[in-house]
Amino acid sequence: MKRKATAIWKGSGKEGKGTLSTQSSTLNNVQYSYKSRFEEGAGTNPEELIAAAHAGCFAMKLSFVLAGSGFTPDALDVTAVVTLDNGSVTESSLQLKAKIPGISPEKFGEAAEDAKLNCPISKLLNCSITLEASLV
């Protein structure tokens, strides 16, 4: 399976602007710029998209890991915070709030750690990955 996205950039790094589009058209010429990346301007940025990808990938992987142990989550609420420092992504911090009927805290911790280590986006990232997980 292959997935595709396209970036078009016009102008200099600081004054220019660009658009991002995805194969599915979920993103269709979505604006990004220096201001949306390094300040608080309108539009998206690569780090925000990495955070969304990591949160979504982790949640889905955890769902599969749980199913393998006989558990079905009622809800997995995942937030990922990606840190860009001196031109490098240095950390992706995952926060998980999970509602999983019948699971022990120990089994939950094992499943969450498994998903953190083995979701495809975690494997892709070359940075520190932290996880704060709680049952609600």
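1. His54 lies in helix α2 of this predicted model, and the residue is buried, with a relative accessible area of 0%. Leaving out residues up to four places away in sequence, His54 touches Ala80, Ser92, Leu94, Cys119, Ile121, Ser122, Leu125 and Ile129. One of these neighbours, Ser92, also takes part in a polar contact, since the side chains of His54 and Ser92 approach to 2.6 Å. Another neighbour, Leu125, stands 71 residues from His54 along the chain, while the C-alpha atoms of the pair are separated by 9.2 Å.

2. The helix that carries His54 deserves a description of its own. Helix α2 covers residues 46-68, 23 residues in total, and spans 33 Å between its first and last C-alpha atoms, which is close to the 33 Å expected at 1.5 Å a residue. Its buried residues are Glu47, Ala51, His54, Ala55, Cys57, Phe58, Ala59, Leu62, Val65 and Leu66. The elements against which these buried residues pack are the helices α1 (34-38), α3 (105-118) and α4 (120-124), together with the strands β4 (75-85), β5 (88-99) and β6 (128-135). Just beyond the end of α2, Gly70 adopts a positive phi of about 85°.

3. At the other end of the helix, attention turns to Asn45, which sits in the loop between α1 and α2 and is buried, with a relative accessible area of 11%. At the start of α2, a side-chain oxygen of Asn45 comes to within 3.1 Å of the backbone nitrogen of Glu47. The side chain of Asn45 also reaches the backbone oxygen of Ser36, at 2.9 Å. When neighbours within four places in sequence are set aside, Asn45 is in contact with Ser36 and Arg37.

4. How many salt bridges does the model contain? The count comes to two, and one of them joins Arg37 to Glu47, with the closest N and O atoms 2.6 Å apart. This pair links distant parts of the chain, since Arg37 belongs to helix α1 and Glu47 to helix α2, 10 residues apart. The two partners differ in burial: Arg37 counts as partly exposed at 34% relative accessibility, whereas Glu47 counts as buried at 8%. Glu47 therefore appears twice at the start of this helix, its backbone nitrogen lying 3.1 Å from a polar atom of the Asn45 side chain and its side chain pairing with Arg37, while being classed as buried.

5. The other salt bridge is formed by the side chains of Glu113 and Lys116, at 3.4 Å from N to O. Because Glu113 and Lys116 are three residues apart in helix α3, about one helical turn separates them. An α-helix has 3.6 residues a turn, so residues three or four places apart point the same way. Here too the partners fall in separate classes, Glu113 being partly exposed at 32% relative accessibility and Lys116 being buried at 14%.

6. Why does Cys119 form no disulfide with Cys57? The sulfur of Cys119 is 3.5 Å from that of Cys57, its closest cysteine sulfur, and this is too far for a bond, because a disulfide is counted only when the sulfur atoms lie within 2.5 Å. Cys119 is itself buried, with a relative accessible area of 0%. Cys127 is likewise in no disulfide, the nearest cysteine sulfur being that of Cys119, 11 Å away. A search of the whole structure finds zero disulfides.

7. The largest nonpolar core holds 26 residues, and those touching the most other members are Phe58, Leu62, Leu66, Val78, Leu96 and Ile100. Two or more residues are contributed by each of α2, β4, β5 and α3, and the largest share, eight residues, comes from α2. Among the core residues, Ile100 touches Leu66, Phe71, Thr72, Pro73, Leu76, Phe108 and Leu135, again without counting residues up to four places away in sequence.

Definitions and conventions: Residues numbered from 1 in each chain as written. Predicted model: local features only at pLDDT ≥ 70, side-chain atom pairs only at ≥ 80, totals over all residues. Heavy atoms only, no water. Helix = DSSP H or I, 4+ residues; strand = E, 2+ residues; numbered from the N terminus. Expected span 1.5 Å × (residues − 1). Buried < 20%, exposed > 50% of the residue type's maximum accessible area, 1.4 Å probe, protein only. Contact = heavy atoms within 4.5 Å. Polar contact = N/O pair within 3.5 Å; in protein donor to acceptor, adjacent residues only side chain to side chain. Salt bridge = Lys/Arg side-chain N within 4 Å of Asp/Glu carboxyl O. Core = buried A, V, L, I, M, F, W, Y, C linked by side-chain atoms within 4.5 Å.
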